[in-house]
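I sat down with this structure to look up its fold, its core and its pocket, and I kept the notes in the order in which I worked.

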Amino acid sequence: MLATMDVGPEMHAASAPPPSALGPVVDDASAMALALAEAGAAPVHGDVPVGAVALVDGRVVASRHNERERTGDPTAHAEILALADAAAALGTWRLTGVTLVVTLEPCPMCAGALVAARLGRLVFGAADPKAGACGSLYNLCADPRLNHEVPVTAGVRADEAAAQLTGFFADRRG
């Protein structure tokens, strides 16, 4: 016999909040400002300042920052956490109508999650020449061998995102 679980109305797409309840419509630059502000919360608990904001029709449905140090979880990147929150808010793992705005180019793990989630679009700020998997080192979002491709807009408020990261590491090095 299969066990059943009542997941409650919050897990069903039909009960997702109407777009008007999600707040104002924001463009890429404004969404990046929100992601940068979210990233600013990460250093409080020793995490690298990366922030991610998930949008549906330009409205925020999720916003997270890195939490690896805080949680001891190596997968607690801002992108993974925001994807999980967006999926919960929308009641589906297929995030075809979601735009994810993140301050730093996603790593291979996060880029793979974007593809697996069937993300509608990615916007990122600073490129990551050491670990970037959306154009710098790899381009998992545009690999035709995979089952989904994610359109990418790179470089939105890149100087601000890079400065936030550079400042964090300069402070750590003392």
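The entries below go from the overall layout to the core and then to the pocket.

Entry one, layout. I noted before anything else that the model is predicted. I counted five helices and five strands in the protein, and reading from the N terminus I found that the elements run α-β-β-α-α-β-α-β-β-α. Of the contacts between residues at least 6 apart in sequence, I found that 59% join residues at least 24 apart.

Entry two, surface and burial. I looked up the exposed area, which is about 8,900 Å², with 58% of it supplied by carbon and sulfur atoms. Buried residues account for 40% of the 174 residues.

Entry three, core. The largest nonpolar core holds 42 residues, and Leu95, Leu100, Leu114, Leu119 and Leu122 have the most contacts inside it. Among the elements that each supply at least two residues of this core, I listed α1 (28-39), β1 (51-56), α3 (78-90) and α5 (158-173), and the largest share, six residues, comes from α3. I then followed Leu95, which, leaving out residues up to four places away in sequence, touches Leu83, Ala86, Ala87, Leu90, Ala117, Arg118, Leu119 and Gly120.

Entry four, pocket. I recorded a volume of about 400 Å³ for the largest pocket; 20 residues line this pocket, and Val48, Leu104, Asp128, Ala131 and Phe169 are the closest to its centre. Sorted by class, the lining has 11 nonpolar, three polar and six charged residues, and its largest share, four residues, comes from α5.

Key:
Residues are numbered from 1 along each chain as its sequence is written. This is a predicted model: local features need pLDDT of at least 70, side-chain atom pairs count only at pLDDT 80 or more; totals for chains, interfaces and linings use all residues. Side-chain values use heavy atoms; hydrogens and water are left out. A nonpolar core is a set of buried Ala, Val, Leu, Ile, Met, Phe, Trp, Tyr and Cys residues joined through side-chain atoms within 4.5 Å. Buried means under 20% relative accessible area, exposed over 50%, partly exposed in between (1.4 Å probe, protein chains only). Contact means heavy atoms within 4.5 Å. On a 1 Å grid over the protein atoms alone, a cavity is a set of points where a 1.4 Å probe fits but cannot get out, and a pocket is an open set with protein on both sides within 12 Å along at least five of seven lines; lining residues have an atom within 4 Å of a point. Grid points are joined across faces, edges and corners, and a volume is the space filled by probe spheres set on the points. Ala, Val, Leu, Ile, Met, Phe, Trp, Tyr, Cys and Pro count as nonpolar, Asp, Glu, Lys and Arg as charged, and the others, Gly among them, as polar. Accessible areas come from the Shrake-Rupley method with a 1.4 Å probe; for residues, only the protein chains shown count as cover.
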